Amino acid sequence: RYYRAKSIKKVLEDVRYFAEDCKAEYLFFWSDNFLEYNKQEIDEFCEAYKNYKIPFFIQTYPTSIDAYKVKKLVDVGLRNLTMGIEHGNEKFRREVIKRQYSNDKVLERIKILKDLSITYSCNNIVGFPHETPELHWDTVMLTRKLDAETSSCAIFTPFHGTHLRKIALESGFLKDPNALAPSNFDRSILEMPQFPNDLITGKSRVFNLYVKLDKKRWKDIERAEKLTTEGSRIFQELRQELKEQMKE
């Protein structure tokens with residue numbers, strides 16, 4: 001229960017190294033929530049960073065999006081922003097994931113990005129303890145409303161020391177207390193009767209198809225969820241369709 005942040009002075013030291021010594025042409029600030037810096041710190045950063053004129057990319061949390069901060073960062077090179085939405089059902093997100101914000105609040109903050117013509121992406125997760133396919137559908141629908149350029153849906157990973165791992169163990173969804181999960185785009189290690197592993201994997205891989213393709217394609221996308229030869233064939237066809245759509 002502590003807050004850890006690299007000082008702006010140290011951030012700028014790193015910027016100088018990558019800009020001057022490495023001749024960087026684009027920077028990604030690997031901070032879970034860059035916009036958690038207060039306005040004074042953002043001002044300090046922008047005053048120094050304006051001398052570099054290098055476009056950059058940050059990560060944040062939806063409720064941290066602030067018009068003043070984003071505008072200042074845009075003026076010195078901010079070009080892309082990604083945020084962790086995680087789940088689209090407010091009650092589940094509040095009670096299980098412990099994320100305290102409303103969908104209306106997210107949509108309100110997204111308008112700030114749209115008004116400033118910032119490219120943004122949304123990161124989500126599927127396969128939380130006690131989640132169901134119906135609850136996951138709320139994530140799909142919220143992400144469609146957010147209208148991000150790109151989005152992702154990783155598979156839940158029960159990290160050691162988290163309250164969600166404790167829930168998974170106490171609920172009998174995780175049999176081995178020492179288990180380590182594979183890649184969060186591979187498979188779930190939880191065993192939940194209401195949301196089988198294969199279905200979680202299938203929902204993860206077709207997530208962007210549901211978000212970006214027209215609703216008339218949803219029946220075919222549902223078939224692509226199945227981890228079968230036929231399901232994989234349909235998935236590849238739909239993914240190619242989405243690629244062509246994104247080029248237009």
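Reader: Which residues does Gln 59 touch, once I set aside those up to four places away in sequence?

Author: Go through the neighbours in space and skip those that come along with the chain. In this predicted model, Gln 59 touches Phe 28, Phe 29, Trp 30, Ser 31, Asp 32, Asn 33, Phe 34 and Leu 35, plus Thr 82. Gln 59 itself lies in strand S2.

Reader: Is Gln 59 buried or exposed?

Author: Look at the relative accessibility and compare it with the cut-off: under 20% means buried. Gln 59 comes out at 16%, so it counts as buried.

Reader: And what lies 3.1 Å from a polar atom of its side chain, that is, the side chain of Gln 59?

Author: For a polar side chain, check backbone atoms as well as other side chains. Here the backbone oxygen of Ser 31 lies 3.1 Å from a polar atom of the Gln 59 side chain. Ser 31 is also among the residues that Gln 59 touches.

Reader: Okay, on to the sheet. In what order do the strands sit?

Author: Follow the pairing from one strand to its partner. You get an open sheet of five strands, S1-S2-S3-S4-S5, with parallel pairing. Strand S1 (27-29) and strand S5 (150-155) are the edges, each pairing on one side only. From one strand to the next, the twist averages 20 degrees.

Reader: How many bridges hold strand S3 and strand S4 in their pairing?

Author: Find residues standing opposite each other, and work along the pair. S3 (residues 78-86) and S4 (residues 119-126) pair in the parallel sense over six bridges. Two places to click on: Gly 84 stands opposite Asn 123 in S4, and Met 83 stands opposite Cys 122 in S4.

Reader: What about S4 and S5, how many bridges join them?

Author: Six bridges again join S4 to S5, and these strands run parallel. Cys 122 stands opposite Ser 151 in S5, while Ile 125 has Ala 154 as its bridge partner in S5. So Cys 122 is a handy residue to pick by eye, since it has Met 83 opposite and Ser 151 opposite.

Reader: Which helix does the chain go through between S4 and S5?

Author: Trace the backbone out of one strand and into the next. The chain leaves S4, passes through H6 and enters S5, and this β-α-β crossover is right-handed.

Reader: Which strands do the other helices lie across?

Author: Compare each helix's direction with that of the strand below your cursor. Helix H3 (residues 67-76) lies across strand S2 (56-60) and S3, at about 140 degrees to S3. Helix H5 (residues 103-115) lies across S3 and S4, at about 170 degrees to S3.

Reader: Where's the nonpolar core, and which residues have the most contacts inside it?

Author: Look for buried nonpolar side chains that join up. The largest such core has 37 residues, and those with the most contacts inside it are Phe 29, Phe 45, Tyr 49, Phe 56, Ile 58, Leu 73 and Leu 113. Helix H1 (residues 8-21) gives the most to this core, with five residues. There's a second, separate core of 33 residues, including Ala 168, Ala 179, Met 192 and Ile 200.

Reader: What does Leu 73 touch, not counting residues up to four places away in sequence?

Author: Leu 73 touches Phe 34, Leu 35, Ile 42, Phe 45, Cys 46, Phe 56, Ile 58 and Leu 78.

Reader: Last one: where is the place of Arg 144, and what is it in contact with beyond four places in sequence?

Author: Arg 144 is in helix H6 (residues 133-146). At 24% relative accessibility it counts as partly exposed. Then look along the chain: Arg 144 is in contact with Tyr 210, Val 211, Lys 212, Leu 213, Lys 215 and Trp 218. Arg 144 and Leu 213 are 69 residues apart along the chain, with their C-alpha atoms separated by 9.8 Å. A polar atom of the Arg 144 side chain lies 2.7 Å from the backbone oxygen of Tyr 210.

Definitions and conventions. Residues are numbered from 1 along each chain as its sequence is written. This is a predicted model: local features need pLDDT of at least 70, side-chain atom pairs count only at pLDDT 80 or more; totals for chains, interfaces and linings use all residues. Side-chain values use heavy atoms; hydrogens and water are left out. A nonpolar core is a set of buried Ala, Val, Leu, Ile, Met, Phe, Trp, Tyr and Cys residues joined through side-chain atoms within 4.5 Å. Buried means under 20% relative accessible area, exposed over 50%, partly exposed in between (1.4 Å probe, protein chains only). Helices (H or I, at least four residues) and strands (E, at least two) are DSSP runs, numbered from the N terminus. Contact means heavy atoms within 4.5 Å. Two strands pair if DSSP finds at least two bridges between them. Axes are lines fitted to C-alpha atoms, for helices over the stretch in contact, and angles run from 0 to 180 degrees between N-to-C directions. A polar contact is a pair of N or O atoms within 3.5 Å; within protein, one must be able to donate a hydrogen and the other to accept it, and residues adjacent in sequence count only if both atoms are side-chain atoms. A crossover is right-handed if, with the strands pointing away from the viewer, the path from the first strand over the helix to the second runs clockwise.
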